Amino acid sequence: MEKEHLIFGIRAIIEAVNAGKEIDKVFIQKEAQGDLMQELMKTLKKNSINFSYVPIEKLNRLTSNNHQGAVASIAPVSFYSLESLVESVIEKSEKPLFLILDQLSDARNFGAIIRTAECTGVDGIIIQKQGSAPVNGDTVKTSAGAVFNVPICKVDHIKDAIFYLQGSGVKTVAATEKTESLLYDIDLSGPLAIIMGSEDKGVNPSVLKMVDEKAKLPMFGTISSLNVSVACGAFLYETVRQRS
């Protein structure tokens, strides 16, 4: 993680949040106590900022400065609001293409997906504020800089984003093994949002219930699933093929 993208110290993080800085994730020392720490936790929850509890050793690796039990990473990009992203894309494109990542947690997978998304003409990527992979140095490096070219939107709940897209005339297709429909039998030529799930659990069952269609890739080996960034690439390039 780049040092210039870090904020350390409880009061400094609180002030950064209140000043509107794009805080991507906050690392909190396990079992940390005190009134100031409680104020920090209230601030993070109020602003729906992603945080996790970690051993003090991790904080010490992030910075040699007096972190007081809290270190925050600043996102190297600015995030879009869902409404402004969707409206602007629909205005300029007859066939908008969105990518929704449901609780994807690995920064390198995230970066690889962003790189493929940029190459396939994705108009915007939507992630959830809580539980999603951070946009950090690993993400930037793995994306080969593509993270600066594809708009990224953070939302409180993935289901709300899907509902909004559907109301805007965008078809939603989830990648899942829990279907008999193959990707190649699904019409991907119109306004579209592809939903990819987390590395370990896939797309949330509650999300699967509300999407327009579900699709899977044919599998012929003994391993039952692909890496999510590879699967995402297959979905995006099938979309490109159908639209060519």
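**A chat about helix 4, helix 7 and the sheet**

Visitor: How do helix 4 and helix 7 pack, and how far apart are their axes?
Guide: In this predicted model, helix 4 (residues 82–92) packs with helix 7 (residues 158–167) at an angle of about 30°, and their axes are 11 Å apart. Angles under 35 degrees count as roughly parallel, so helix 4 is roughly parallel to helix 7.

Visitor: Nice. Which residues make the contact?
Guide: From helix 4 there are Leu-82, Glu-83, Val-86 and Glu-87. Helix 7 brings Ala-161, Tyr-164 and Leu-165.

Visitor: And what is that contact like by class?
Guide: Five nonpolar and two charged residues make up the contact of helix 4 with helix 7, with no polar ones.

Visitor: Is the crossing left-handed or right-handed?
Guide: Helix 4 and helix 7 cross in the right-handed sense.

Visitor: Let's switch to the sheet. How many strands, and in which order?
Guide: The open sheet has six strands, ordered 7-6-5-9-8-10, and their pairing is parallel.

Visitor: Which strands sit at the edges?
Guide: Those are strand 7 (152–155) and strand 10 (213–215), each of which pairs on one side only.

Visitor: What about the twist?
Guide: From one strand to the next, the twist averages 25°.

Visitor: Can we zoom in on strand 8? How many bridges join strand 8 to strand 10?
Guide: Three bridges link strand 8 (residues 171–175) with strand 10, and the two run parallel. In strand 10, Lys-214 is the residue opposite Ala-174.

Visitor: How about strand 8 and strand 9, how many bridges there?
Guide: Four bridges, again in the parallel sense. Here Val-173 stands opposite Ile-194 of strand 9.

Visitor: So how many residues of strand 8 are buried?
Guide: Four of the five residues in strand 8 are buried, so the strand is mostly covered.

Visitor: And where do side chains point in a strand, generally?
Guide: In a regular strand, side chains alternate between the two faces of the sheet.

Visitor: New topic: where is Asp-200?
Guide: Asp-200 lies in the loop between strand 9 (192–196) and helix 8 (205–208).

Visitor: Buried or exposed?
Guide: Asp-200 has a relative accessible area of 64%. Exposed means over 50%, so Asp-200 is exposed.

Visitor: Last one: how far apart are Asp-200 and Asn-227 in sequence and in space?
Guide: The two are 27 residues apart in sequence, and from C-alpha to C-alpha Asp-200 and Asn-227 are 9.8 Å apart in space.

Technical notes: Residues numbered from 1 in each chain as written. Predicted model: local features only at pLDDT ≥ 70, side-chain atom pairs only at ≥ 80, totals over all residues. Heavy atoms only, no water. Axes fitted to C-alpha atoms, helices over the stretch in contact; angles between N-to-C directions. Parallel < 35°, antiparallel > 145°, perpendicular 65-115°, else oblique. Left-handed = near helix turned anticlockwise from the far one by under 90°. Contact = heavy atoms within 4.5 Å. Nonpolar A, V, L, I, M, F, W, Y, C, P; charged D, E, K, R; others polar. Pairing = 2+ DSSP bridges. Buried < 20%, exposed > 50% of the residue type's maximum accessible area, 1.4 Å probe, protein only.
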